[in-house]
Amino acid sequence: MKLSHLLSAITVEEVIGNEEVEITSLECDSRKISLGSLFVAVRGVNVDGHRFIPIVTVGGVAAIVCEELPERLESTVTYVKVSDSAVALGFLASQWYGNPSRQLQLVGVTGTNGKTTTATLLYDLVRALGHKAGLISTVVYKIDERTVEATHTTPDTIRLNAMMREMVDAGCEYCFIE
């Protein structure tokens, strides 16, 4: 996918480099970078993804989305400056996977107690009524009938969009998220 297509989903402050570069993967974890990746440097609670920009440029990254441009720019990398890279990542992940949330009826369950039970009961009810559905809970992720190991209560935005894309591709109409 062309970087320009991905960037059409976000507000960009500045681009240095080639917007028509081909992107092979979208990553926010520097350990997962491969040749042609788009790396999004996100400021986390414990770690700032901007620290890894020098590392990913060596790893063959095609482009970097960041809030602060590094002092040293590599000529083979396209740099995209945004005001909030965490927000940009959500829109980029949705665009990368073809905006799957627009093709599902999303139901979010929040609160202190009973979230897993409520989301699971709704998933089971809708399926009993003959509809295909997905479930993202603390205990398990489900894509229609297929069970996927739940590694986090809420997966990161890239994984979440990937699963919603799988749900859409499997014919799911609903997605219940704890």
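A nonpolar core is a set of buried Ala, Val, Leu, Ile, Met, Phe, Trp, Tyr and Cys residues joined through side-chain atoms within 4.5 Å. In this predicted model, the largest such core has 20 residues, among which L3, I23, L26, L38, V65 and L92 touch the most other members. The points below begin with this core and then turn to strand β4, which is one of the elements that give two or more residues to the core.

**The nonpolar cores**

- Besides β4, the elements giving two or more residues to the largest core are α1 (3–7), β3 and α3 (85–96), and the largest share, 5 residues, comes from α3.
- A second core, separate from this one, is made up of 14 residues, including I143, M164, V168 and C175.
- When neighbours within four places in sequence are left aside, L26 is in contact with L38, V40, L89, L92, A93, W96 and I158.

**Strand β4 and its two faces**

- In a regular strand the side chains alternate between the two faces of the sheet.
- Strand β4 spans residues 63–66 and is covered on both faces, since A63 and V65 on one side are buried, as are I64 and C66 on the other.

**The strands that pair with β4**

- Strand β3 (residues 37–40) pairs with β4 in the parallel sense over 3 bridges, and in this pairing F39 stands opposite I64.
- Together with helix α2 (residues 53–58), strands β3 and β4 make a right-handed β-α-β unit.
- Strand β5 (residues 78–81) also runs parallel to β4, to which 4 bridges join it, and here K81 of β5 stands opposite C66.

Terms used. Residues are numbered from 1 along each chain as its sequence is written. This is a predicted model: local features need pLDDT of at least 70, side-chain atom pairs count only at pLDDT 80 or more; totals for chains, interfaces and linings use all residues. Side-chain values use heavy atoms; hydrogens and water are left out. Buried means under 20% relative accessible area, exposed over 50%, partly exposed in between (1.4 Å probe, protein chains only). Two strands pair if DSSP finds at least two bridges between them. A crossover is right-handed if, with the strands pointing away from the viewer, the path from the first strand over the helix to the second runs clockwise. Contact means heavy atoms within 4.5 Å.
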